[in-house]
Amino acid sequence: ETFSSTKHSDRILLRVQTPEGELPDPLRLREATFNRYLRGHWIREGMVSSRLRESADGRIEIPPQFSTAVPAPQRRPERRISVETSSFTPGFLFVPYGTTAITSSGAPLSIASDATIAWSGAPSDRRYSAEYAFQVDGAGPGRTSVPLHDVPPEVAVLARRITAGAATPEEKARRLLAYLGRGFTYRIDVPQAVGDPVVDFLTRTRAGHCEYFASALALMMRAAGIPARLATGSLGGEMGPLTAEILVRGDNLHAWVEASLDGESFRVFDPTPPEGRPRIVSVSLWRRIAELGNEIEFFYDRNILGFSTLEQVQLVEAAREAAGRLERAGARAGEIARTWRGPAAGVAGLVLAAAAAALLGKRRRRIPPATRAYLRVRR
């Protein structure tokens, strides 16, 4: 019951760009999965994480065991997207299905057994690119699934009734999807649940948003003997008139299901009705101007409030390198001065000193007082 307020928000969460200009349609970015359902709450449990190793060029290869497992005759050449997130997003990367490598800004990354990639650094160290081999159906690696004893009894009884007589997991999945496609209504504003939210959705309100539809399908699939889990991320985005950049806003956050029909690999199942699935939409220049406040908020969050530890280190490193260059330049100027042995040496020294003072002063001015105060508060 957390998606309602989020999906009412037009706050910018991600900026997505592709060098080739071609985006995976409908731009489904996988963020995290949830494999336990306890008293109406989804949680992550038993995920074994390992540190991802970065090469000298900053590229991080995704280990084969975390790559897409579904054979894909429609596999396309590898592509790349670049993502910049705000600090309002959780600590997970939003990546396409089939991601094979990540290039990040230097923040440590770890990958869990379900291939969820998490940041270990500050929330604002979040500029990265993902290489992916896009697949139409997508796939999620790993074997984490909802345990059968997490399924509420009412949901289990309903699922077994719907799938009675079905001979294969494919037939069971079709029946459950068809059931959710009839007599259920997509709504963002849902009344407070009576008892368990999923049970209330299936037996009383029959109305909800993507989180309800995906939760119901995941639990019913598991009750029918199909390994399944809830997946979250984003779907679609907003394309402006003057750029190929995609803005992913709060109302683009989405939930769906990853289920294994063959017992080996997980596939994407999205039970949310079509009217509830965000798409890539084009907006007019006037709308972009009207929403300029959101653009300013994103910039302020990323570059002022989110001035991270990593960025501070990078700033110090840049200043150190600049000082080193000035020192080497000073040494060369000293050799010239010894050669000239005249007033030109003094002039060169004054020029170098002025340049150094100006450069260091410029570096210092990049951290305004408000930012320094915020960093003190955060420490």
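This briefing walks through the helix packing, the nonpolar core and a few loop residues of the structure above. Keep in mind that it is a predicted model. The helices to watch are H2 (153-162), H3 (169-180), H4 (residues 197-205) and H5 (210-223).

**Helix H4 and what surrounds it**

- Let's start with H4, where Pro197, Val198, Val199, Asp200, Phe201 and Leu202 are buried.
- Who does the covering? The elements over those buried residues include three helices you'll meet again, H2, H3 and H5, along with the strands E3 (36-38) and E14 (207-208).
- At the start of H4, look for aspartate 196: one of its side-chain oxygens comes to within 2.9 Å of the backbone nitrogen of valine 198.
- Just past the other end of H4 sits arginine 206, with a positive phi of about 50°.

**How H2 packs against its partners**

- Two packed helices are described by the angle between their axes and the distance between the axes.
- H2 and H4: the packing angle is about 45° and the axes are 9 Å apart. Angles from 65 to 115 degrees would count as roughly perpendicular and those under 35 as roughly parallel, so this pair is oblique.
- The residues that make this contact are Glu154, Val155 and Leu158 on the H2 side, and Val198, Val199 and Leu202 on the H4 side. H2 passes H4 in a left-handed crossing.
- H2 and H3: here the angle is about 115°, with the axes 9 Å apart, and that makes H2 roughly perpendicular to H3.
- Leu158, Ala159 and Ile162 of H2 meet Arg175, Leu176 and Tyr179 of H3, and the crossing of these two helices is right-handed.
- H2 and H5: the angle is about 70° and the axes are 8 Å apart, so these two helices are roughly perpendicular as well.
- From H2, the contact with H5 uses Val155, Ala156, Leu158, Ala159, Arg160 and Ile162; from H5, it uses Leu219, Met220 and Ala223. H2 passes H5 in a right-handed crossing.
- One residue to click on is Leu158 of H2: it takes part in the contact with H4, in the contact with H3 and in the contact with H5.

**The nonpolar core**

- In soluble globular proteins, nonpolar side chains tend to be buried together.
- How many residues does the largest nonpolar core have? There are 69, and those with the most contacts inside it are Ile102, Leu180, Leu202, Met220, Met221 and Val257.
- H5 supplies the largest share of this core, eleven residues.
- Leucine 180 is a good place to zoom in: leaving out neighbours within four places in sequence, it is in contact with Phe201, Leu202, Phe213, Ala216, Leu217, Met220 and Pro271.

**Two arginines with a positive phi**

- Arginine 39 isn't a glycine, yet its phi is positive, near 50°. You'll find arginine 39 in the loop between E3 and strand E4 (41-43).
- Is arginine 39 buried or exposed? With a relative accessible area of 75%, arginine 39 is exposed, because the cut-off for exposed is over 50%.
- Arginine 206 also has a positive phi of about 50° without being a glycine, and it sits in the loop between H4 and E14.
- Its relative accessible area is 27%, so arginine 206 counts as partly exposed.

**Two buried residues in loops**

- Serine 260 is in the loop between strand E18 (253-259) and strand E19 (267-269). Despite that loop address, serine 260 is buried, with a relative accessible area of 4%.
- A polar atom of the serine 260 side chain lies 3.0 Å from the backbone oxygen of serine 265.
- Not counting residues up to four places away in sequence, serine 260 touches Ile226, Pro227, Ser265 and Phe266.
- Proline 278 belongs to the loop between E19 and strand E20 (280-282). Its relative accessibility is 14%, so proline 278 counts as buried, as the cut-off for that is under 20%.
- Where does the chain come back to proline 278? Glycine 236 is 42 residues apart from it in sequence but 5.2 Å apart in space, C-alpha to C-alpha.
- Apart from neighbours within four places in sequence, proline 278 is in contact with Lys7, Leu235, Gly236, Asp251, Asn252 and His254.

Notes
Residues numbered from 1 in each chain as written. Predicted model: local features only at pLDDT ≥ 70, side-chain atom pairs only at ≥ 80, totals over all residues. Heavy atoms only, no water. Helix = DSSP H or I, 4+ residues; strand = E, 2+ residues; numbered from the N terminus. Buried < 20%, exposed > 50% of the residue type's maximum accessible area, 1.4 Å probe, protein only. Polar contact = N/O pair within 3.5 Å; in protein donor to acceptor, adjacent residues only side chain to side chain. Contact = heavy atoms within 4.5 Å. Core = buried A, V, L, I, M, F, W, Y, C linked by side-chain atoms within 4.5 Å. Axes fitted to C-alpha atoms, helices over the stretch in contact; angles between N-to-C directions. Parallel < 35°, antiparallel > 145°, perpendicular 65-115°, else oblique. Left-handed = near helix turned anticlockwise from the far one by under 90°.
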